[in-house]
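Open the model in your viewer and keep the selection tool at hand. The stops below say what to select next and what is there.

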Amino acid sequence: MDITKTGVWSWLFQRITAVYIFIGVVVHFLVVHYYISVKSQLIDELATRITSPGWQIFDLTLLGAVTFHALNGVYAILCDLNISRRTRRIWAVFFWLLGIAMTSLGYLILIRVVQVSSPLALNLACTP
Amino acid sequence: MIQRYLRYFREASLNPNRGMFTFILHRVTGVFLVIYLFIHIWSLSHAFEGIAALRSAFELYNTPIFHIGEYLLLICVLIHGLNGLRLLLTDLLPITSKQKILWWFFFIVFIGIAAVSILWFLPELPFSITKAH
């Protein structure tokens, strides 16, 4: 076992993000499935919800936390295989780049969803 | 490298107990959820092609196979989430002596939520079958 000092921080962040994700996933799941069964249209729920800044912040922070938690978890599995320090460093860089790319893609998607759904949300608000 | 993976599983099989079982389940469901996360983000990227493409992508998920997959996803999230909560509680609180009771408590909570959520997911199945045709 080779435990470095930096491992403590990723351990702590893994716990902090775990708590946030636990609450966030429950909220995400209930919101999506409650509205599916009521309206049977996920896209209308998404269009009305995503225009509010609170839900935007919720979605963005949840995506960031989940991405860190997921890739840090895979990294931990790799570290348990007792790979060399050099290999570990390479994987860490790879996971950071992958995580930043995926989170940015998610942010771009959210911006796009807000753009395309605002007239739809307006339509829904106008129809009696 | 492959030998390292094999040793990893052999070490787990040498010490078969409840803790090792949940440890492996935690890792396996974790890897499943990472794969799901990538697919989730990728499927949402239909938004770049406009609202119609996103809507047709969501329609694809309103089929029986995807609803069953959704339930399996819920099972994975439940195992990973509840086991993670159990780990957090044993890490933070001085309840190491009560570990077995805590394990059975979370096991019962898991069975309970998994059973109740079937009632939630079953009504969507016939609906999605009629929708698909």
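**Stop 1: a helix of chain A**

Select α3(A) and colour L63(A), A65(A), V66(A), T67(A), F68(A), H69(A), A70(A), L71(A) and G73(A), which are buried (20 or more other C-beta atoms within 10 Å of the residue's own, C-beta atoms being placed from the backbone). Helices here are DSSP runs of H or I of at least four residues, and strands are runs of E of at least two, numbered from the N terminus. This is a predicted model, in which local features need pLDDT of at least 70 and side-chain atom pairs count only at pLDDT 80 or more, while totals for chains, interfaces and linings use all residues. Residues are numbered from 1 along each chain as its sequence is written, with chains lettered from A and ligands numbered from 1 in the order in which they are written.

α3(A) has 27 residues and spans 39 Å from first C-alpha to last, close to the 39 Å expected at 1.5 Å a residue (1.5 Å times one less than the number of residues).

**Stop 2: across to chain B**

Add helix α2 of chain B, residues 18-44, to helix α3 of chain A, residues 53-79: their axes come within 10 Å and cross at roughly 135°. Axes are lines fitted to C-alpha atoms, for helices over the stretch in contact, and angles run from 0 to 180 degrees between N-to-C directions. The angle makes α3(A) oblique to α2(B) (not under 35 degrees, over 145, or 65 to 115). Show V66(A), A70(A), G73(A), V74(A) and I77(A) on α3(A), then R27(B), G30(B), L33(B), V34(B) and L37(B) on α2(B); these make the contact (C-beta atoms, placed from the backbone, within 7 Å).

**Stop 3: the whole side of chain B**

Widen the selection to the 24 residues of chain B in contact with 22 residues of chain A. α2(B) gives the most to this side of chain B, with seven residues.

**Stop 4: inside chain B**

Now hide chain A. Chain B has six helices and zero strands, and buried residues make up 10% of its 133 residues.

Which residues of α2(B) meet α4(B)? Select T22(B), L25(B), H26(B), T29(B), G30(B), F32(B), L33(B) and Y36(B) in α2(B); they meet L73(B), C76(B), V77(B), I79(B), H80(B) and N83(B) in α4(B). The two helices, α2(B) and α4(B), pack at an angle of about 130°, with axes 9 Å apart. That angle makes α2(B) oblique to α4(B).

Conventions. Contact = placed C-beta atoms within 7 Å. Buried ≥ 20, exposed ≤ 12 C-beta atoms within 10 Å, placed from the backbone.
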